[in-house]
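Got your viewer open? Load the model and follow along, one selection at a time.

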Amino acid sequence: MSDFEGLKALVTGGASGIGRATAELLAERGARVAVLDLDPSPVGKPLLGHRADVTDDASVRQAVTAAVAVLDGLDILVNNAGIGAQGTVEDNSDDEWHRVYDVNVVGMVRTTRACLPHLRASAHAAIVNTCSIAATAGLPQRALYSATKGAVYSLTLAMAADHVREGIRVNCVNPGTVDTPWVGRLLDAAPDPAAERAALEARQPTGRLVSAAEVAGAVAYLASPLSGATTGTALAVDGGMQGLRLRPVAR
């Protein structure tokens, strides 16, 4: 497909995982793509790497300005940078709550704020936010993370309403448990990594983890000019976790 031919995209958190898969897919389909990341060193051509810390407004603005100058414009923003957290509502300190919100929610605000003047000049402007199944389903031991992703979901709807008349579409993807380096580190830290992986796989009706490439495909769908009538939508990529209620397997 070449539906992104001539378009310019920026992906935060794009050096690994979902962000990297998304950046590579957009490039394969014709876009020129800049990646913003704390460590963009793994990024090679055709992707353009720029260092940015989404918790630092000056860093974000500088990186966006540099990326847009090289791309010669901006049509698509993928707000993907984020971090995880484990525990119940009792388990994280105030500092940790502030830190995760600063990355997962306010980081999206900073990046979007810096990109909006450039997106307004595009005829195919689209923003896609990486949300999570945790925004819409109660997951154990994920209170802080779920709260931030609930905020991302609401932020997506508010942004879609604010900018639809400017020709800027805003949507989000809600992945289930994705086989990314972050999930790999969680599994490595578990007392029984194999059992923990089996449990994560079993809670998704498809019986396996979601791949980063599958999430990237959903992001590309929402970002494409072919989806010009889609805005204010959350697209689940969760192996059926949100909508399916299967009977237990008969024994």
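Start with the charges: select Lys and Arg in one colour, Asp and Glu in another. In this predicted model, you'll be looking at 22 positive and 26 negative charges, and the mean positions of the two sets are 5 Å apart.

Now switch to a surface view. The protein exposes about 11,700 Å², with carbon and sulfur atoms supplying 53% of that area. As for what is tucked away, buried residues make up 50% of the 251 in the protein.

Next, go to cartoon and colour from the N terminus onwards. You should find seven helices and seven strands, and walking along the sequence gives β-α-β-β-α-β-α-β-α-β-α-α-α-β. Zoom out to take in the whole thing: the C-alpha atoms fill a box of roughly 60 × 40 × 35 Å along the principal axes. The radius of gyration is 18 Å, which agrees with the value near 18 Å for a compact globule of 251 residues.

Want to see how the chain comes together? Among contacts with a separation of 6 or more, 71% are between residues 24 or more positions apart.

Last stop: select helix α3, residues 94-119, and show the side chains of W97 and Y101. How are the two rings arranged? This is the one aromatic pair in the structure. The ring centres of W97 and Y101 sit 6.3 Å apart and the planes meet at 20°, so the pair counts as stacked, the cut-off being under 30 degrees. Because W97 and Y101 are four residues apart in the helix, about one helical turn separates them. Turn the surface back on here: W97 is partly exposed at 22% relative accessible area, and Y101 is partly exposed too, at 27%.

Note on methods: Residues numbered from 1 in each chain as written. Predicted model: local features only at pLDDT ≥ 70, side-chain atom pairs only at ≥ 80, totals over all residues. Heavy atoms only, no water. Helix = DSSP H or I, 4+ residues; strand = E, 2+ residues; numbered from the N terminus. Rg over C-alpha atoms; globule rule 2.2 N^0.38 Å. Buried < 20%, exposed > 50% of the residue type's maximum accessible area, 1.4 Å probe, protein only. Contact = heavy atoms within 4.5 Å. Areas by Shrake-Rupley, 256 points an atom, 1.4 Å probe, with all protein chains shown as cover. Charge placed at Lys NZ, Arg CZ, Asp CG, Glu CD. Phe/Tyr/Trp six-rings, centres within 6.5 Å; stacked < 30°, edge-to-face > 60°.
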